[in-house]
Structure formats: structure tokens, C-alpha cells
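Please look over the sequence and the model shown below, and keep both at hand while reading the report that follows.

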Amino acid sequence: MDAKPIPFEEVERWVKPPPPETKTYSFHHTCYRIKDPRVTVDFYSRVLGMKLIATLPLENLKTTMYFMGYTEEGETVPSDFKERMEFLLHRKQHTPVIEFLHNWGTENMSDLKLHDGNKAPKGYSHICVAVQDADAEIKRVANLGVRVIKESGGQGYAFIEDPDGYWVEFLDGDRLGSPGDPNIDITEMKAAIGF
């Protein structure tokens, strides 16, 4: 099969004006299923510096949702449950969060493996965290025992794996430069995306 990229000009033609009803929309969160919240919350706070914004246990579903993300400088996550939920649900002016969905008891299933989307059948790929120095971050997290999938090698991006096998990209936008920058190795970037 002779695969080629779809030209940008063709993609642009697919874009339609946003419906007026969506003018107040903003991206709020994405959700991962997780095996053990103790391990996941530790990883995303200790390794990636995210804060626990809220937890929402649902007794009838035997499930708990853990919401984690970054906050603005000087911003404090409220300690009161109702205030935390308000803080979570009205994040339009803030960065999006990740919802970690835990079905009670999965932490005790030794043979449970979650599908990360990067093995067949491929689907979901990764989240991305903007960092100041991808090379330095890879060294730091490797020293914490985190599995490194792809080192930066000066390219400005790298990939690690979280406790459930989901991929996290470190992206150093300053290192990548701007479009047309001769320091960007597009071949290397294409190879990284395809692995």
C-alpha cells in the first residue's frame, strides 16, 4: 500500500465554522482507566508534579474518579469537598485535568493489564506535558525508576510510561524551534510518532 499524507489544504476544507452553540466550550478533561489509584496518584504527583484536584467516589458503581492536573501559580486547591468540586467543574480559565477512573478491586487483580492504545489494535497514543528541558526531565524521572520509552537525544521531546502503561510525552517547545527551523530533525520526529 502506497500511503501518503492527506494534504493540509484538503484538511482545511473539512473545517466548518463552529456552531454558535459551542462558543462557550473548552476542553475540560480526558479519562484513563487505572488499576491502582495509590500508584497512579503517586506517579502523577511525585513524577509529573500534578495536584489532586478532587475525588468522587460513586458507591452505586463501585468506582472512584480521581481528577489531577496543574494549577496556576499561587492557586490553592480547596480542602472542602463542595468547594473542590466547584473548583474542578469550573475550570474554563484553568488548564484541563485528567480523570483517573478506578473500579474498586482492580488493584488486587494481578493479571489485569490495561490497553494503552500503542499496541495492536492501535488507538489512543499519549498525553503531552510541556517542559523546559526534555533531556533533563528524562534523566530526573529515570532516576525515580520511571520507564523511559524514548529519550530526547537533544530533539526536544521524549516519552515515558506511567504505572498503567500509558505514555506521557515531554515536549520542550523551545528546543523544537519554529516551523522551517533547520535544527528540527523531522525524520526523527516522524519515527518517534510511528513507534
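## Hairpin of S2 and S3

In the hairpin formed by S2 and S3, where four residues lie between the strands, Lys62 adopts a positive phi near 50°. Strand S2 (residues 51–58) runs antiparallel to S3 and is joined to S3 by seven bridges, one pairing being that of Ala54 with Phe67 in S3. Strands and helices here are DSSP runs numbered from the N terminus, with at least two residues (E) for a strand and at least four (H or I) for a helix, and two strands are taken to pair if DSSP finds at least two bridges between them.

The model is predicted, and for that reason local features need pLDDT of at least 70 and side-chain atom pairs count only at pLDDT 80 or more, whereas totals for chains, interfaces and linings use all residues. Residues are numbered from 1 along each chain as its sequence is written, and side-chain values use heavy atoms, with hydrogens and water left out.

## Nonpolar cores

The largest nonpolar core (buried Ala, Val, Leu, Ile, Met, Phe, Trp, Tyr and Cys residues joined through side-chain atoms within 4.5 Å) has 23 residues, of which Tyr32, Tyr44, Leu48, Phe100, Ile160 and Phe170 touch the most other members. At least two residues of this core come from each of several elements, including strand S1 (29–34), helix H2 (37–46), strand S4 (97–103) and strand S8 (167–171). H4 supplies the largest share, three residues, and the core draws at least three residues from each of domain 1 (27–106) and domain 2 (126–194), bounds that come from an automatic or database domain assignment.

A second, separate core has 10 residues, among them Met85, Phe87, Leu88 and Val97. Returning to the largest core, Phe100 is in contact (heavy atoms within 4.5 Å) with residues that include Tyr32, Ile34, Tyr44, Met65 and Met68, when residues up to four places away in sequence are not counted.

## Annotated positions

Under "binding site", an unreviewed UniProt entry lists Glu99, His126 and Glu169; such positions are given in the numbering used here, feature names are shortened, and annotations may be inferred rather than shown by experiment. Glu99 is found in strand S4 and is buried, with a relative accessible area of 8%, where buried means under 20%, exposed over 50% and partly exposed in between, using a 1.4 Å probe and protein chains only. The side chains of Glu99 and His29 are joined by a polar contact of 2.9 Å; the term denotes a pair of N or O atoms within 3.5 Å, of which, within protein, one must be able to donate a hydrogen and the other to accept it, while residues adjacent in sequence count only if both atoms are side-chain atoms.

Glu169 lies in strand S8 and is likewise buried, at a relative accessible area of 11%. Its side chain makes a polar contact of 2.9 Å with the side chain of His126, and, residues up to four places away in sequence not being counted, Glu169 also touches others including Cys128, Tyr157 and Phe159.

## Strand S8 and its surroundings

S8 is mostly covered, four of its five residues being buried. Five bridges join S8 to S5 in a parallel arrangement, with Val129 paired to Phe170, and five bridges join S8 to S7, which runs antiparallel, with Phe159 paired to Glu169. S7 and S8 form a hairpin with five residues between them, and Gly165 in the turn has a positive phi of about 95°.

Asp172 sits in the loop between S8 and helix H5 (173–176) and, at 3% relative accessibility, counts as buried.
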